[in-house]
Amino acid sequence: MIILVLNCGSSSLKYQVLDMKSADDYSLLAKGLVERIGGESANISHKKTGCDRFIVEKPIPDHTEGIKSVLALLTDKEQGVLSSLKDIDAVGHRVAHGGEFFFESCAVNDDVIEKIEKCCELAPLHNPANLLGIRAVQAVLPDMPQVAVFDTSFHQTMPPEAYIFPIPYEYYEKYAIRRYGAHGTSHRYVSAECARIMGKDIKDLKIITCHLGNGASITAVNGGKCVDTSMGLTPVDGIMMGTRTGSMDPSVLTYIGRLENMSPEDLDTLCNKKSGLLGVSGVSNDSRIVVEGAENGNERCRLATNMQRYQITKTI
């Protein structure tokens, strides 16, 4: 069974083509990345397994054209891995936020799309881009089965005491404000692999999984089910990240907002894009660059790396 996997951002598109013989027996045929979609010139980096990377630069005005370009590469005589588009059995999409609608992956239909749209306010940077990918496939391959895999669904097993925030309960009832978590696909996979490598049944294990990158989260997995996770309503909660604050006293924001006359949108940008390793180090959100700065004597880089390590240890 040939599966095309897509992870769409607002101006990017990551893809892989997998030959799935079973859940445990599969092979990667090709993977790639389309960047700067909508710009003057996009970049496609395509790699067929066992071959050198192939780079293409061309205008790609939108995700539909991006999907068309990817499909053309996948069926190309030299760079391709498919004899025709009929070889593809299904397309899978990573979707960031499924709210309280989705406890597991599901086939895409009009109802699913409508519910993903309703979750856009909870993941404004991710869900709209994920929908672009789904609609692009509908436009190019209208009869192709599509499946949405949600980053939040693994965390739907948390008990209420873990996901309800200590604010007036009416806000949960009115707006579904609660802890949702993120990176669920990663935490599910890593915990299962941990059990497999240990040679134990995951139902007998208590595991802490760490997803560490520019975005980062830590999850407690008991018997294969998530019981708590560090990210909250949005991916800004939890441990300090590349550009995100992670958890902190909310009064910091109201205080800064008054002093700097900042709007809610300004504060959202501060928390999501200007903080974390970047904000403390003043150098970069890339941990490799910050660690290098620390090793070369930059005190703020050293502080940033020590803070992040401390918070990871504290959360575990």
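This passage describes the two sheets of a predicted model and the helices that lie across them. Residues are numbered from 1 along each chain as its sequence is written, and side-chain values use heavy atoms, with hydrogens and water left out. Because the model is predicted, local features need pLDDT of at least 70 and side-chain atom pairs count only at pLDDT 80 or more, whereas totals for chains, interfaces and linings use all residues.

Eight strands form an open sheet with mixed pairing, in the order E5-E4-E3-E2-E1-E6-E8-E7. Strands (E, at least two residues) and helices (H or I, at least four residues) are DSSP runs numbered from the N terminus, and two strands pair if DSSP finds at least two bridges between them. At the edges are strand E5 (54–58) and strand E7 (106–107), each of which pairs on one side only.

Within this sheet, strand E2 (residues 13–20) pairs with strand E3 (residues 26–35) in the antiparallel sense over eight bridges. The two strands are joined by a hairpin of five residues. Leucine 18 stands opposite leucine 28 in E3, and the bridge partner of tyrosine 15 in E3 is glycine 32. E3 also pairs with E4, again in the antiparallel sense, over six bridges. Here alanine 30 stands opposite lysine 48 in E4. The hairpin of E3 and E4 has six residues between the strands, and arginine 36 in this hairpin takes a positive phi near 60°. In a regular strand the side chains alternate between the two faces of the sheet.

Helix H1 (residues 63–74) lies across strand E1 (2–8), E2, E3, strand E4 (42–48), E5 and strand E6 (88–95). The helix runs at about 40° to E2. Axes are lines fitted to C-alpha atoms, for helices over the stretch in contact, and angles run from 0 to 180 degrees between N-to-C directions; contact means heavy atoms within 4.5 Å.

Three strands form an open sheet in the order E9-E10-E11, with antiparallel pairing. Its edge strands are strand E9 (206–211) and strand E11 (225–229), and each pairs on one side only. On average, neighbouring strands of this sheet are turned by 30° against each other, direction ignored. Strand E10 (residues 217–222) pairs with E11 in the antiparallel sense over four bridges, and aspartate 228 in E11 is the bridge partner of alanine 220. Helix H6 (residues 184–198) lies across E9 and E10 and runs at about 130° to E9.
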